[in-house]
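Work through the exercises below with the sequence and the structure side by side. Try each task before reading the solution that follows.

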Amino acid sequence: MRVRSWLAVALASHLVSAGATASAQEPSAAQTALARRLFHEGMASARAERWAEAHEQFARSYELVRRPRILVNLGTAQVQTGRLVQAAESYRRFLREVTRGRDAAHRQTVEAALSELEPRLAHVRLSVAGLEYTDRVEMDGQEIAHAAVGVEMPANPTAHRFTVTRDGAVVAEAEVELAEGERREVALDARSLSPAAAAASEAPSTFVGDNPYAAKYTGEDASGSVLGSPWLWLGVGAAVVAGAVVAVVLATSGGTTETGNFGTGRWTVD
């Protein structure tokens with residue numbers, strides 16, 4: 001792979017200097033000059049095996065002038081710095097965009113480099129129990145679309161951190177080390193209350209009036225949560241907790257009409 005990578009760099013050396021393929025919006029002369037300089041600096045860094053520098057220089061060159069031929073060099077630097085997933089995409093992009101012309105003569109070399117690279121990719125399938133619509137799922141600080149959860153996706157063979165953030169707080173996380181070619185299942189459990197809901201559920205209750213069963217909950221309004229629904233209490237019998245007896249049963253008929261935190265309805269107390 002090392003010989004193949006160096007060959008890719010050598011090929012791209014004359015590819016970039018040989019000219020440019022017209023694009024929908026040509027970069028300015030200043031951008032082109034800067035991209036050329038960065039490319040040559042990247043070549044020098046690659047020859048000295050300073051691959052981190054080479055990656056940065058090739059990446060900047062491609063951002064300035066998006067010539068497919070630069071992707072060969074960028075892909076090589078990505079491989080050498082452990083960015084295997086990104087390298088595979090660079091090679092695929094080159095093959096996708098270069099289908100004819102002088103550059104197409106090098107498709108076979110790029111295809112061979114890609115075929116050697118793909119078995120080295122790690123793969124991970126992330127599952128999240130209790131995932132909510134507004135949760136943010138991240139891998140190494142980069143957001144993962146909910147559509148990717150539960151589906152095997154490629155990953156670089158290195159250490160990764162997966163997190164689920166809800167209401168600004170991390171509710172589930174895991175750290176895994178992936179080896180080359182490894183396939184791993186990572187399961188997170190996000191079935192926990194959000195910080196706001198947790199605070200509301202832990203808020204103390206205050207009894208009002210002479211009726212010890214009429215509990216007024218302090219803290220956030222629970223009208224939009226499970227605590228705000230009288231159906232939650234259907235069939236609940238009497239219970240003794242820390243000396244307080246609370247028994248609320250929704251009546252289908254009879255009883256009296258009460259108004260409280262749960263809204264107006266027909267209630268009986270057993």
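**Exercise 1.** In what order do the three strands of the open sheet lie, and what kind of pairing do they have?

*Solution.* The model is a predicted one, and the open sheet in it has its three strands in the order β4-β1-β7, with mixed pairing. Next, look at the edges, which are β4 (152-155) and β7 (183-189), each of them pairing on one side only. On average, neighbouring strands of this sheet are turned by 35° against each other, with direction ignored. Now take one pairing by itself: β1, which covers residues 122-129, runs with β7 in the parallel sense, and seven bridges join the two. As a point to locate on the screen, Ala129 has Asp189 of β7 standing opposite. In general, the strands of a sheet pair through backbone hydrogen bonds, in either a parallel or an antiparallel manner.

**Exercise 2.** Find the aromatic pair of the structure and decide how the rings of Phe39 and Phe58 are arranged.

*Solution.* A search of the whole structure gives one aromatic pair. Two quantities are needed for the description, since a pair of aromatic rings is described by the distance of the centres and the angle of the planes. For Phe39 and Phe58 the ring centres are 5.6 Å apart and the planes stand at 50°, so the pair is tilted; the reasoning rests on the cut-offs, by which planes under 30 degrees apart would count as stacked and those over 60 as edge-to-face. The next step is to place the partners: Phe39 belongs to helix α2 (residues 29-47) and Phe58 to helix α3 (residues 51-64), and the pair, 19 residues apart, links distant parts of the chain. Finally, consider the cover: Phe39 counts as buried because its relative accessibility is 1%, and Phe58 is buried as well, with a relative accessible area of 0%.

**Exercise 3.** Where is Asp135 found, and which residues does Asp135 touch beyond those up to four places away in sequence?

*Solution.* Begin with the location, which is the loop between β1 and β2 (136-139). The relative accessible area of Asp135 is 4%, and therefore Asp135 is buried. Leaving out residues up to four places away in sequence, Asp135 touches Gly130, His146, Val164, Thr165 and Arg166. Follow the last of these partners: Arg166 is 31 residues from Asp135 along the chain, yet their C-alpha atoms are separated by 5.0 Å. The side chains of Asp135 and Arg166 also make a polar contact, at 2.7 Å.

**Exercise 4.** Is Asp103 buried or exposed, and which side chain is joined to the side chain of Asp103 by a polar contact?

*Solution.* Asp103 lies in the loop between α5 (84-97) and α6 (107-117). Its relative accessibility is 8%, and because buried means under 20%, Asp103 counts as buried. The side chain joined to that of Asp103 is Arg69, through a polar contact of 2.9 Å.

**Exercise 5.** How many of the eleven residues of helix α4 are buried?

*Solution.* Helix α4 (residues 70-80) is mostly covered, with ten of its eleven residues buried. Among them are Ile70, Asn73, Thr76 and Gln78. Just after α4, Gly82 takes a positive phi of about 80°. For the wider setting, the protein has seven helices and 14 strands, and buried residues make up 32% of its 270 residues.

Conventions: Residues numbered from 1 in each chain as written. Predicted model: local features only at pLDDT ≥ 70, side-chain atom pairs only at ≥ 80, totals over all residues. Heavy atoms only, no water. Helix = DSSP H or I, 4+ residues; strand = E, 2+ residues; numbered from the N terminus. Buried < 20%, exposed > 50% of the residue type's maximum accessible area, 1.4 Å probe, protein only. Polar contact = N/O pair within 3.5 Å; in protein donor to acceptor, adjacent residues only side chain to side chain. Pairing = 2+ DSSP bridges. Axes fitted to C-alpha atoms, helices over the stretch in contact; angles between N-to-C directions. Phe/Tyr/Trp six-rings, centres within 6.5 Å; stacked < 30°, edge-to-face > 60°. Contact = heavy atoms within 4.5 Å.
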